[in-house]
Structure formats: C-alpha cells, structure tokens
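This report describes selected features of one protein chain. The sequence and the structure are shown first, and the account follows from there.

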Amino acid sequence: MQLGLIGLGKMGGNMRERIRRAGHTVIGYDRNPDLADVDSVEQLVASLEAPRVVWVMVPAGGPTQETVEHLAELLSPGDVVVDGGNSRWTDDVKHAEQLAEKGIGFVDCGVSGGVWGLENGYALMYGGAAEHVAKVQPVFDALKPEGEFGSVHAGKVGAGHFAKMVHNGIEYAMMQAFAEGWELLEAAPEVTDVREVFRSWQEGTVIRSWLLDLAVRALDDDEHLAKLKGWAADSGEGRWTVEAAIDHAVPLPAITASLFARFASRQEDSPQMKMIAALRNQFGGHAVESK
C-alpha cells in the first residue's frame, strides 16, 4: 500500500525504512529537507492515491494539533489519519471528532521500540473504528515484531495512546527498581563486581528482561556510570498515568513513586533534605553539613 508519513526524526525515519523493507511505498515529509521525500504536506497528499492513509509522527500537543488541522483541509472523505506520536488520549477524541466532520477517519497508535525498532520491530497499540484500522493494517503488520505478539487493536479512539501511557508508567517503575538495586549494590562493600551481578541475572532469574539487558549494556560502556550526571527527564505520559489513576481511583504507589523520584533528580541541593537534616539535628542532635 501507499503511506504518507509526516515526521522523520529518530522514530519516524526508521519506521519509514522498515515499512519500505516490507514492500510498501512511503512518501515522507519533514521540516528538515535533508530527510524529506517531498517539499510540503500538500505535495505529500497530492502524491498519494485515494483512499489515503497519512501517519503523523510529530511532538504531542501543538505540533500534532496543527498537523491534524492542516490535513483536515487537504484530505478527502474516506481517507485516514494515524497519530503515532505520544499524544494524550483525550486529544485523540478531539482529533477524531474534527476529522469525522470531514468524513476522514482517525486512528491513534502508541508506538514502542525506540532506536531498536528498525531491526526488532515496534510494539503497537492502536485505537479506532474497525473500518479505519483495516485501512492501516498492512502498515501495522510491517512495523510489528515477527511472531504472534507485539500488536493490538486496544479499543476505540484513545485506547491506543492510553495503553501506551500505562506501558510507560510500568516502564518508569521497572527502571526505578533496577536503579535502586544498582545503587544499593554499589554502596555495599561486600559486593566487588556489581556489573557482573547484573549480568548474572540475565539468565534463569524472574527479573530477566530487555531492560536488564540494556542495563548491562550501559554498565559495559561505563562500569560505574561515572560519566553520567544523576538527572532524568520525565515524559508527559508518566504524569498522565498518575493523573488517570487519580481520576479512576486506582492505586499506583510504585509508578507514582518512580515519577517523584525523577523530580528528585532535578535538585542538586534538595530543599526537603535540608528540612529533614534540620529536624534530625533539633530532636536528636544529629550532625548536619553546612555549605
């Protein structure tokens, strides 16, 4: 089939290549002319045969909203827009309604796989009406990993990005657990080779996983992570997962704690720890450190 793809960054560029390897035609547009196949979104749409499918891989929020509005003016009834970025699921409902007024279908698709997706395939979670999903199915089949799993029609519009959001929340908690375990091992004088402890867990343990494999890979590059600063960003999806849990009254203590742990990494001199140190000094005479 033919596919229009808007956004050819780290993910989009590799997705274009994987879809092409499966024998499909991909016409890509990016603001960077060195990456683009065409000079404009207008040219991209004109290059596709109806009914068209256009996949959007741009940052969530304003850029995605602008792109959807632009496509609404260019596409025709029967065409389908896929949002494969990290949009909030509530935005999907709005975009689907906007496009439906023009007779254009909408599918939201959470995509996981990162820089490894080109070779390993991408895990896909998509939401939308069955007739719209069917028009995109050959592309989903091209992108997914080989085998039975790795792709799911999660439900109606918004379900794909909601599922991906929860996936990322779980990812937060799993990474935090590995990070805490690593720090404790590094702090224990009895353990003399933390990297090899992590490596030993790769076979036969209940915590073996791709994340563990990546942790070992990172430790092979920098055994004690001495080259890195202890700072980690948080994506919108981590916050949205916690907000959704509050809305649905679902307890997420591990995921919520992992999100707040990211915030602690932003503080070189934690104000909270100042108060804790002051209180310990007041009631117990415990030592404090001055700047």
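## Nonpolar surface patch

In this predicted model, a nonpolar patch on the surface is formed by V115, W116 and W210. Together these residues have about 320 Å² of accessible area.

Within the patch, W116 is located in the loop between β5 (105-112) and α5 (117-120). The relative accessibility of W116 is 33%. W116 is therefore classed as partly exposed, because that class lies between the limit for buried residues, under 20%, and the limit for exposed residues, over 50%.

## Overall dimensions and composition

The chain contains twelve helices and seven strands. Along the principal axes, its C-alpha atoms fill a box of roughly 75 × 40 × 35 Å. Of its 291 residues, 40% count as buried.

## Packing of α7 and α9

Two packed helices are described by the angle between their axes and the distance between the axes. For helix α7 (residues 159-187) and α9, the angle is about 45 degrees, and the axes lie 11 Å apart.

Are these helices parallel or oblique to each other? Angles under 35 degrees count as roughly parallel, and those from 65 to 115 as roughly perpendicular; α7 and α9 are therefore oblique to each other. The crossing in which α7 passes α9 is right-handed.

## Salt bridges around D234

The salt bridges in the model number 15. Which residues form salt bridges with D234? One is R239, whose side chain meets that of D234 with an N to O distance of 2.6 Å. R266 also forms a salt bridge with D234, again at 2.6 Å from N to O. The pair of R266 and D234 links distant parts of the chain, 32 residues apart: R266 is in the loop between α11 (253-264) and α12 (271-284), whereas D234 is in the loop between α9 (210-221) and α10.

The accessibility of these residues can be set out in turn. D234 has a relative accessibility of 16% and counts as buried. R239, at 39%, counts as partly exposed, and R266 is likewise partly exposed, with a relative accessible area of 32%. Both salt bridges of D234 thus join a buried acidic residue to a partly exposed arginine.

## The E243–R88 pair and the position of E69

A salt bridge also connects E243 with R88, and their closest N and O atoms are 3.0 Å apart. This pair links distant parts of the chain, with the two positions 155 residues apart in the numbering. E243 belongs to helix α10 (residues 236-248), while R88 lies in the loop between β4 (80-83) and α4 (89-100). E243 is partly exposed, with a relative accessible area of 35%; R88 is buried, with a value of 18%.

E69 is placed in helix α3 (residues 62-74). At 40% relative accessibility, E69 counts as partly exposed. From C-alpha to C-alpha, E69 and E243 are 27 Å apart in space, and they are 174 residues apart in sequence.

## A salt-bridge network

Beyond the pairs described above, several charged residues are linked in a network of salt bridges. Its members are R195, E196, R199, D220 and E223.

Terms used:
Residues numbered from 1 in each chain as written. Predicted model: local features only at pLDDT ≥ 70, side-chain atom pairs only at ≥ 80, totals over all residues. Heavy atoms only, no water. Salt bridge = Lys/Arg side-chain N within 4 Å of Asp/Glu carboxyl O. Helix = DSSP H or I, 4+ residues; strand = E, 2+ residues; numbered from the N terminus. Buried < 20%, exposed > 50% of the residue type's maximum accessible area, 1.4 Å probe, protein only. Patch = residues over 30% accessible without salt bridge, like charges linked within 9 Å, V, L, I, M, F, W, Y side chains within 5 Å. Areas by Shrake-Rupley, 256 points an atom, 1.4 Å probe, with all protein chains shown as cover. Axes fitted to C-alpha atoms, helices over the stretch in contact; angles between N-to-C directions. Parallel < 35°, antiparallel > 145°, perpendicular 65-115°, else oblique. Left-handed = near helix turned anticlockwise from the far one by under 90°.
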